Structures are given as C-alpha cells and as structure tokens.
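Grab a pencil and work through these exercises with the model open beside you. Try each task before you read its solution.

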Amino acid sequence: MLCGRWRSCRRRPEEPPVAAQVAAPLLLAPPDGDTKRPGLRALKKMGLTEDEDVRAMLRGSRLCKIRSRTWHKERLYRLQEDGLSVWFQRRIPRAPSQHIFFVQHIEAVREGHQSEGLRRFGGAFPPARCLTIAFKGRRKNLDLAAATPEEAQRWVRGLAKLRARLDAMSQRERLDHTHTWIHSYLHRADSNQDSKMSFKEIKSLLRMVNVDMNDMYAYRLFKECDHSNNERLEGAEIEEFLRRLLKRPELEEIFHRYSGEDRVLSAPELLEFLEDQGEDGATLARAQQLIHTYELNETAKQHELMTLDGFMMYLLSPEGAALDPAHTCVFQDMDQPLSHYFISSSHNTYLTDSQIGGPSSTEAYVRAFAQGCRCVELDCWEGPGGEPVIYHGHTLTSKILFRDVVQAVRDHAFTLSPYPVILSLENHCGLEQQAVMARHLRAILGDVLVTQALDSQNPEELPSPEQLKGRVLVKGKKLPAARSEDGRILSDQEEEDEEEEEAEATEQRRRAKQISPELSALAVYCCATRLRILRPNPVPPQPCQVSSLSERKAKKLIREAGNSFVRHNTRQLTRVYPLGLRMNSANYSPQEMWNSGCQLVALNFQTPGYEMDLNAGRFLINGQCGYILKPACLRQPDTTFDPECPGPPRTTLTIQVLTAQQLPKLNTEKPNSIVDPLVRVEIHGVPADCARKETNYVLNNGGWACRGEEGGPGGQLAPDCQACTLGFNPRWGQTLQFQLRAPELVLVRFVVEDYDTTSPNDFVGQFTLPLNSLKQGYRHIHLLSKDGASLSPATLFVHIRIQRF
C-alpha cells in the first residue's frame, strides 16, 4: 500500500478541458465546434474517412430495392457521418419519408443472389450487382441491386469495414462515439437552426429524449446555465445543461466512498473496490491494468490513478456488466456425450409467422442459425415434379423446396457456431420422395453429413459436440435390422394426441408409415422413437434413440415419473415441441423441460416473448454456441434429483435496483408520452424457486418523481427528497431478495415496464442470464428489445449479492 503521507499530499491530475463529470464522454462537443455535424469527428476516429468505399457511401447511391417479381423501387441510400447509421429515402405518393438503419443491427451482408428474395425475384439483375443486408431480430432482409458491380462491391466492402471497426472499438471509442446521438436531438429541437436553445426548445428536447421535467425545476436549471442571461443557451451553456441532466449521483457516491478527499482512485483503492465487488483474481496488477484500459486522462494514467470518468468507463464496459465476461466464450467441457447438454432447438423452423397462414422461408433457417440454434425442424411433404416440399401440412402456409432448405443448412449452419447441427425430419412423404430427400442430403451436404458411426467399436455411444464439430446429424426413423427393405414401421412424425391422430387421413397415414432404406440409413445417432412408459428400473440404455414429446406429455412425465424421467434424460436425447393447438405459434415456458434434463426444447423462434427471452438467456453463455453443459445433477445416471422436490434453500440472491439510464421512448408519435418505469426481477427455475418481485414505478421517467410528502408534480419542488431524481436516470434504491433451492438451474430475468394504471404495463426492455453467470457487486445491465436487439445506451444499474450455504 502507498504510505498515507504521500497519499494526503499527492496532486490531483489536471482535469480534461470539460470537467470530469460522470457522463462527460457522452457530452463532449466536436472540437471544431461544428455541432451541426457532430458525427464527422466520430467517423474520423474510426480511421475510415479516407477509405474510398466509405467515402462513396457518404456520397450516397441510388440502389434498387427488390421485394417481389414486379416490386422494384429505386431508393437513395447514404451513410451518415457518424459511421453508425445508413439513411435512406422512400417515396409514398404525397408523403415523402426518410428512415435510417443502424450498422450494429446488421447480422450479415451477402453478395450476389444469396437470399431467398433475390433467388426468386432478382433474375433481372446480374448477381454481381446484387447484395443482401440481413438484420438481427425480426426485421426483414433488404435485397438491393446497384447500377454497377463496382458500386455493389463498395457497399459490401464498406459495410464490412464499418462492422469490423465497430466490433473492434475500445470502450473509450464507444462512449465517445455515442455522444453524437444527443447532438442529433439537439439539432432537431433547434427549431430555427440558430444553434441557440430557448426554454421552449429545451422543453422539446427533453420530451424527445423521454424526460418530462417539472417546468419550475426545468426553468431553474435553464437559468442556472444561462450565464449570458439572454434567455438562450448556446455552446458551453448547452453542454453544461446536458451534463447536469445526465449526472449520475449514485456513481459519484460510490466513487467518493473509495477515493477519499482527493477524488481520484489509486490502484490500491481500486483494488479495494474490486475485492468488495467479489471479483475473482482481484490483484494490484489487475487494478493497474484497468486504470490503463479505461482511464481517459493521460496524466492520471501516468500516475496510476483513476478519475470519475475512468471509473464510469469501467463500470459501463463488458467487464462492469452483470454477465461474467469469462462466460462469453466457450468455457465448458465439450467432450461429454450429446445427452449431457441443453441444445438450442427450433420448432417449425421454416415459418416466419403463424402456423396457419404464414409464409415459409429458407431465411427463417438462416435467422435461427444466427441465433445459435443447433436443431432445426424440416416438415417434409410430397411436392410436385417429384420434389419434396416443406410447409405446415393442411394449412395455408406457403411451401419451399426441401433441397433449398438443405442448401441453406450447408451455407449457414456453421457461421456462428462450429458445433453439430441436428436436422429433425418430420416425414410425411412416400417412399419415392423419401429417397429423393436422402439423395439431396448426401449430394448437397457431402462429407459434412454423418452417415456412419464415428467409433465403429462403440457404435451405440453418443459422441460429444467436440467430436462432431462441423457435422450435420439427421433425426429420423430407422428400419429395424431384421426387417426387409420395404418393411413398414411407425412414422417419424411428432406424436399427436389421440384425437389428432384420428383426424389424420388414411392415405397420409399409410404413406407416413413407410420408411425408405435410403433415408433410414442417415439416422445414425438420432433414431426417432416413441417414449411410451418410464420404469423405476430402466431397461439397458439406448443412447442413439430420441423421443419427441408434446409439451403436454412432457409435463405429464415430469409430474408422474419425476426422477425416472431425469435419469432417462441423462442417457438419451428428448425433444419437446409446442402443442399443435397453438395456432398463432405461441410458445410454452422451456424452463420446466430443462428442469428435467430435456435437451432439445423446441420453440417457435419467430415468436418473441418471455419464452424466447429465456431461451436466449439460457444459451447466452458458452460462446452462444448452442450447447450448454447440464448441471451435474442432470448428468449422473444414478441421480436422485427431482425438480418437484429440490430440497431446502441453498442460495440467497439479493438485488438492489438502483437506477436506470436513458430508457427508450415507447411512443415516438406522441411528443408528450413519457415512460413511468418500474423494474421487475423474475426467477425461473424449479417450481419452488420461481418468483417475481418488482419495484415501485417512477413517474415520468424520473423527470419528476416523489414517493414522499415533500412535493410533487402539482406542488412545490422537493430537490432534497431522496426518492426524487432527475432526467435520464430514474432512481429506485429498492432491494429484492430470493431464496433458491436449485440455483444451478436458475435464470434471472430483469424487466423494465412502463406502468399504466388502466391497462397492462407496456414492455420497455429486458435482459436474461443464468444465475451462475451473474457477477456480484455494482453492475450495469444492458437492456434488449422484445426481439432481442440491443437498446443501447439503455441500462439498469444494480447491486448484486449471492450468498451460498
């Protein structure tokens, strides 16, 4: 430790040009003073302003948007100077409109006719002139054709450079980069574009950024910043107003608790903070490394000191987030049998909407793979011209060719994860088209397809994800060895309830009960079978058999078989799928199935909701590779674990919900619509652990909130009330506590909602992660939208404590 005498007399490093407030990096004006072009400096910092491709994108291009065989519309697309967004213009008769999309929301950029849309509708345009921009979440692909191949390549290369640079940005660059969005709101609120803000314009700005501040308090703050006393804010006065608006008093309080009177953290003081956080591997060298990584002030960095700005940078970084950074890469043992893993699985993968009349698309498979899915479903039916098709049978859903789906698997299955993909075939085809299916699988997938056991000495043992890297498995019915080649056995279609079975047409049943030897030969490690009964003393395990159960039958087994079902799932794969009665493609909660060790818990990936949030949270860790090692109690063949009787509490989880930052405005069409946020923490695990608790709501997003008796929207100001806060940062300071009996299975879901007295609350954002990946101490939670896209810079700030006993 440094001696106390040196510490008391050391000089505080010289402050940056703008006072080191918590949110300063978000507020710095461009150094050239050009507040009307705040993004230019950010793009320069990316080192791409001199790049020819980026310069061409800045100038803009007229690209043809392709939506159908006859719908081809020219649009102007131009990269914004912030390097983060692309502006485009569309024209509707009598209503011109302008839009943007963000580079960070792009999933992939494909050249040529590499999307279903361009393959079907882009025939009039040479592949060299075409590109597809695929987005994260549910947003549709953007299929474009340029005037020349060179122009198309400029956009392909330019977007690739911007995405790569965005991924490689340091935390300093990210925060410096994001300040531009507030200046864009300033520009919009400045109605007469004179670079000066009247009080009326300031009020308009506050509404734009989702803050409804009491007029008296807003005007008082306005006047305190109006040093020229001319009822206008400009330049440094605007910066001061925004800096005070975004002030983070709770971070200042934590910082000052450890820094003392000199208001800077030494490496030993930062180490003390890390130890109190419960950080693994907290050492003096680690504290010094954090200072050199996140401190903005060079003088402070040279003296191994951290200012308030550096502290804020650290807490907003991935290292200061609730998710353990060590769990974001593959860190689990990948050498155990497949039955020892939860495997990300999709139901009716081909659908992009409901299962009654929604469209089928190969793009749905591409999107599922981009979300880490490792088991996809192919609903196969007889098609014209001898070619099998995929669609939801006996409905109005559109049809796609089986071979096109297999090509999509070949091209996209391993873009995110190298671990094996399982093709779950629901086979409704006759023998002839089954043979066509088998030929397509072999011809298109080639050596990627598993056609024989990896270990000829132990052909019945399930291999590991590591052994099957880059391989594709087929799940389907297998002919018994003793049967003749034209033998008839049970079909591999999903088990249906009795009433649904009776409704099946006789001819379809006859065809489905025939399995071709060509297709049977491809079911090596995933042989579909029915699970009729579970006995306390099971028969010798058959690891290569896979049972498919409806959610109803799975729940019945969980209730009635308990530990026997858990033991079954330690040795064999079980797939669970939604009831066919879910006409709108709704989902069931996957947690109940995971509690019993079911590996392939299939959900409708096209349907957002808390069920898909849980799925994303379960597979968020381990590099998002789609495989999660099950807890030891779900892997041991002689386990005594029963999710219905998990035993006494073993863990206490305590979460103090402190503040939220920059929550998005839900209704952008209504200027006066402001969020009244509350936070709910949900525990998803075994039934005895499931719980939800929530905070009070904060009126008007903290623009004015008081739960005491010292004031309110209609009365006097209460500036000293501890329950009141201001601006983007609503404050709760409420503690929620949970007792957990099976913590190894728990998912923690943080939800922010807009409180409504007369109708159900509106969803604002959420984040879900496993308890075992949740870090303790003061943490930021980076919120996601309903479809899983980032809501950056929206965050929750919480304190987490986990006590195990």
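**Exercise 1. Is Gln 624 buried, exposed or partly exposed, and where does it sit?**

Step 1. Gln 624 has a relative accessible area of 39%, so it is partly exposed. The cut-offs are these: buried means under 20% relative accessible area, exposed means over 50%, and partly exposed is in between, with a 1.4 Å probe and protein chains only.

Step 2. Now find its place: Gln 624 is in the loop between α26 and β23 (627-629). Helices here are DSSP runs of H or I with at least four residues, strands are runs of E with at least two, and both are numbered from the N terminus.

Step 3. Check the backbone too: Gln 624 is not a glycine, yet its phi is positive, about 50 degrees.

Step 4. Look at the helix on one side of that loop. Helix α26 (residues 610-618) is mostly covered, with 7 of its 9 residues buried. Among them are Met 612, Leu 614 and Arg 618.

A word on the numbers before you go on. This is a predicted model, where local features need pLDDT of at least 70, side-chain atom pairs count only at pLDDT 80 or more, and totals for chains, interfaces and linings use all residues. Residues are numbered from 1 along each chain as its sequence is written, and side-chain values use heavy atoms, with hydrogens and water left out.

**Exercise 2. Describe the protein as a whole: how many helices and strands are there, and what percentage of the residues is buried?**

Step 1. Count the elements: the protein has 26 helices and 31 strands.

Step 2. Turn to burial: 56% of the 805 residues count as buried.

Step 3. Take the surface: about 34,800 Å² is exposed, and carbon and sulfur atoms supply 48% of it. These areas come from the Shrake-Rupley method with a 1.4 Å probe; for residues, only the protein chains shown count as cover.

Step 4. Finish with contacts, meaning heavy atoms within 4.5 Å. Of the contacts with a separation of 6 or more, 68% are between residues 24 or more positions apart.

**Exercise 3. Work out how α13 and α14 pack: what is the angle, and which residues meet?**

Step 1. Recall the general idea: two packed helices are described by the angle between their axes and the distance between the axes.

Step 2. Read off both values. Helix α13 (residues 267-277) and helix α14 (residues 284-294) pack at about 105 degrees, and their axes are 8 Å apart. The axes are lines fitted to C-alpha atoms, for helices over the stretch in contact, and angles run from 0 to 180 degrees between N-to-C directions.

Step 3. Put a word to the angle: α13 and α14 are therefore roughly perpendicular to each other. Under 35 degrees counts as roughly parallel, over 145 as roughly antiparallel, 65 to 115 as roughly perpendicular and the rest as oblique.

Step 4. List the partners. From α13 come Ala 267, Pro 268, Leu 270, Leu 271 and Leu 274, and they meet Leu 284, Arg 286, Ala 287, Gln 288, Leu 290 and Ile 291 in α14.

Step 5. Sort them: the contact of α13 with α14 has 9 nonpolar residues, 1 polar and 1 charged. Ala, Val, Leu, Ile, Met, Phe, Trp, Tyr, Cys and Pro count as nonpolar, Asp, Glu, Lys and Arg as charged, and the others, Gly among them, as polar.

**Exercise 4. How many disulfides are there, and which cysteine sulfur is nearest to that of Cys 544?**

Step 1. Search the whole structure: it has 0 disulfides. The test is a pair of cysteine sulfur atoms within 2.5 Å.

Step 2. Try Cys 544. Its nearest cysteine sulfur belongs to Cys 527, 5.9 Å away, and Cys 544 is in no disulfide.

Step 3. Compare surroundings: Cys 544 is buried at 4% relative accessible area, whereas Cys 329 is partly exposed at 43%.

**Exercise 5. Where is Phe 125, and what does it touch?**

Step 1. Phe 125 lies in the loop between α5 (116-121) and β6 (130-135).

Step 2. With a relative accessibility of 12%, Phe 125 counts as buried.

Step 3. Leave aside neighbours within four places in sequence, and Phe 125 contacts Cys 64, Ile 66, His 72, His 113, Cys 130 and Ala 145.
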